[in-house]
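Open the model in a viewer and switch to a cartoon view with selectable residues. The stops below go from strand pairing to the sheet and then to a pocket.

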Amino acid sequence: MMISRSGSGSLPILSILLACAAGALLLGAMDFPSEAAESAALSLEVTIPEFRGVHLTNTSVSMAAMIGGKPGESAFFFLLSSTGDAPRKLTGRLVSPLPAGLSLTVEITSPREGRSTGPQALGTGEVDLLTGVRGIFCAGGRGTVKMTGNNSLAPGAGQAVLVLTVRDM
């Protein structure tokens with residue numbers, strides 16, 4: 001076979017044939033699946049862990065109580081999460097003990113789920129404030145703190161820290 005540049009234009013046809021043959025050889029050497037499809041499925045393993053937590057929307061409150069008089073009262077607000085079916089509870093405790101003659105109580109209003117345990121006296125040990133909480137995420141709730149001072153207290157000011165915790169029941 002003779003390739004000629006003039007005349008019938010056989011060089012472009014031969015180049016195309018050689019390119020196709022080389023492409024077929026290259027494609028045959030590559031590892032392609034025997035069946036191709038327009039779409040493919042990927043199996044995914046998904047884990048969604050249970051979540052629990054409490055977030056205070058106001059981080060401090062102020063109140064004043066008359067010694068031997070009307071209790072001081074203040075409200076606070078929180079967001080509560082307890083996903084899944086496991087029942088949980090919200091507990092409260094003080095970081096350090098109060099001076100003798102001073103008492104604090106807290107009452108939680110249920111955020112859609114759970115049952116309030118009513119007003120609870122606070123100390124350094126945990127007390128249940130809300131029980132049976134499940135299946136909620138960032139549900140808003142309200143708490144009320146009351147402070148009472150008896151006649152033995154001297155005038156003054158101080159600070160107490162309330163810790164709220166979500167626990168398994």
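Select Leu 104 and Met 147: Met 147, in β8, is the bridge partner of Leu 104. The model is a predicted one, and the pairs in this tour are read from its coordinates. Next to select is Thr 105, which stands opposite Lys 146 in β8. Now widen the selection to residues 102-109 and 136-149, strands β4 and β8; eight bridges join them, and they run antiparallel.

Keep β8 selected and add residues 72-82, which are strand β2. Ten bridges join β2 to β8, again with the strands antiparallel. To see one pair here, pick Phe 77 and Arg 142, which stand opposite each other, the arginine being in β8.

Now show the whole sheet. Five strands make it up, in the order β1-β2-β8-β4-β6; the sheet is open and its pairing antiparallel. Colour β1 (52-56) and β6 (120-121) separately: each has a single partner strand, so one side of each lacks a neighbour in the sheet.

The last stop is the largest pocket, which holds about 1,000 Å³ of space. Its lining has 35 residues, and those closest to the centre are Met 63, Met 147, Gly 158, Gln 159 and Ala 160. Select β4, β8 and β9 (162-168) to see the elements that give two or more residues to this lining. Which of the elements gives the most to the lining? It is β8, with three residues. Colour the lining by residue class to finish: 26 residues are nonpolar, nine are polar and none is charged.

Methods
Residues are numbered from 1 along each chain as its sequence is written. This is a predicted model: local features need pLDDT of at least 70, side-chain atom pairs count only at pLDDT 80 or more; totals for chains, interfaces and linings use all residues. Side-chain values use heavy atoms; hydrogens and water are left out. Two strands pair if DSSP finds at least two bridges between them. Helices (H or I, at least four residues) and strands (E, at least two) are DSSP runs, numbered from the N terminus. On a 1 Å grid over the protein atoms alone, a cavity is a set of points where a 1.4 Å probe fits but cannot get out, and a pocket is an open set with protein on both sides within 12 Å along at least five of seven lines; lining residues have an atom within 4 Å of a point. Grid points are joined across faces, edges and corners, and a volume is the space filled by probe spheres set on the points. Ala, Val, Leu, Ile, Met, Phe, Trp, Tyr, Cys and Pro count as nonpolar, Asp, Glu, Lys and Arg as charged, and the others, Gly among them, as polar.
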